[in-house]
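Colleague: Got a minute to go through this model with me? I'd like to talk about the ligand and the empty spaces.

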Amino acid sequence: MQTSSGPEFISLDEAAAMKTGTRVTFVPGMPAVYSEALKNICFVKGVPLIRVLHPHMGIDKATGEDRQARLYELTSQTGLPTMFHNEERPRNVWSEQLALAERIGATGSPSLIPDDFELRAEVFGLCAVVMGEDGMVWNMRILIDTPLGRKYGYSEAACTAAPDKVAAVVSLIDRRLEAQEQRGSRYLVGETLTAADVYWATMSITVLPPPPEIMPLTRQNKKALEYFAMNSEIPVVAEALSQRIEDHQRYILTTYCETPAVLGGDPL
Ligand SMILES: N[C@@H](CCC(=O)N[C@@H](CS)C(=O)NCC(=O)O)C(=O)O
């Protein structure tokens, strides 16, 4: 599938049959944040990506088959994104995807995982509260009752607890940025860019959608961006957000990532 101006997406079967190259699944036009984040990580690392269509959840009306059956057969899970590299095993979790990107990154690209183990612990700790189970994105997903929310444990009790958890991570990040600022650093950990900055800046889109110069509007992402904008107005989240968080997000995305984001789909 190829749009006139957009990037090309190959099928999952094509991706699985390839023996070389780095192939990552996406939903064209969507700011599916884990895919966006991995794309940004690979951009910083100078790893060229081949984009692959991620099959949608649900049953194919024509065949009656689970649309994700082939994905499950290949990767033993169905989450977005999955990442294939050469003939290696597929990677489905951010920590493994990050380690791979760091290993195959271009010579001279920034090192996103610090050599220093103390700093490394900080990087992985921050990434885990943002992206891991019961972290910020996890809780953002169960703010509403959707099939995806159900997959991640939506219940009335979980939904009620979610805004405070989202806000707690946002304010943790803000305190950290403040402390770093006092030490003269614009970054979340140490003195240089790390994976924590790239992952957080991308994931923060879910509570603080950036302008179209950074995240263009598409037919596919309009609803999601409206939802993200509503998240930013949840009182505890609004209280936790700050100019510092916005400045950091904009700085990281415009300085280190490809902007406007290249999403495919149908631009509006
Ligand atoms: N497995 C990923 C998380 C990615 C993820 O949660 N993706 C969601 C979309 S936001 C998804 O595809 N969920 C559907 C599923 O897991 O089947 C990781 O831990 O890095």
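Colleague: Which residues surround the ligand?

Modeller: First, a caution: this is a predicted model, so local features need pLDDT of at least 70, side-chain atom pairs count only at pLDDT 80 or more, and totals for chains, interfaces and linings use all residues. Residues are numbered from 1 along each chain as its sequence is written, and side-chain values use heavy atoms, with hydrogens and water left out. Now the ligand: Tyr 34, Thr 78, Gly 79, Leu 80, Asn 92, Val 93, Trp 94, Arg 141, Leu 148, Lys 151 and Tyr 152 surround it. Each has a heavy atom within 4 Å of the ligand.

Colleague: What does the side chain of Thr 78 do there?

Modeller: An N or O atom of that Thr 78 side chain is 2.5 Å from a ligand oxygen. Backbone atoms join in too. A polar one of Leu 80 sits 2.8 Å from an oxygen of the ligand. A polar one of Asn 92 is 2.9 Å from a ligand nitrogen.

Colleague: How much of the ligand's accessible area does the protein cover?

Modeller: 83% of the 510 Å² that the ligand has on its own. That is Shrake-Rupley area with a 1.4 Å probe.

Colleague: Switching to pockets. What is the volume of the largest one?

Modeller: About 1,300 Å³. A pocket is an open set of points on a 1 Å grid over the protein atoms alone, with protein on both sides within 12 Å along at least five of seven lines; lining residues have an atom within 4 Å of a point. The volume is the space filled by probe spheres set on the points, which are joined across faces, edges and corners. Of its 41 lining residues, Ala 32, Leu 80, Arg 141, Leu 148 and Tyr 152 are closest to the centre.

Colleague: Which helix gives the largest share of that lining?

Modeller: H10, with 6 residues. Helices here are DSSP runs of H or I, at least four residues, numbered from the N terminus. H10 spans 222–231.

Colleague: And the second largest pocket, which residues lie nearest its centre?

Modeller: Pro 55, His 56, Asp 60, Asp 66 and Arg 67, out of 14 that line it. The space there is about 220 Å³.

Colleague: How many cavities of 30 Å³ or more are there?

Modeller: The structure has 1. A cavity is a set of points where a 1.4 Å probe fits but cannot get out. The largest cavity has a volume of about 70 Å³. H2 gives the most to its lining, 3 residues.

Note on methods: Helices (H or I, at least four residues) and strands (E, at least two) are DSSP runs, numbered from the N terminus. A polar contact is a pair of N or O atoms within 3.5 Å; within protein, one must be able to donate a hydrogen and the other to accept it, and residues adjacent in sequence count only if both atoms are side-chain atoms.
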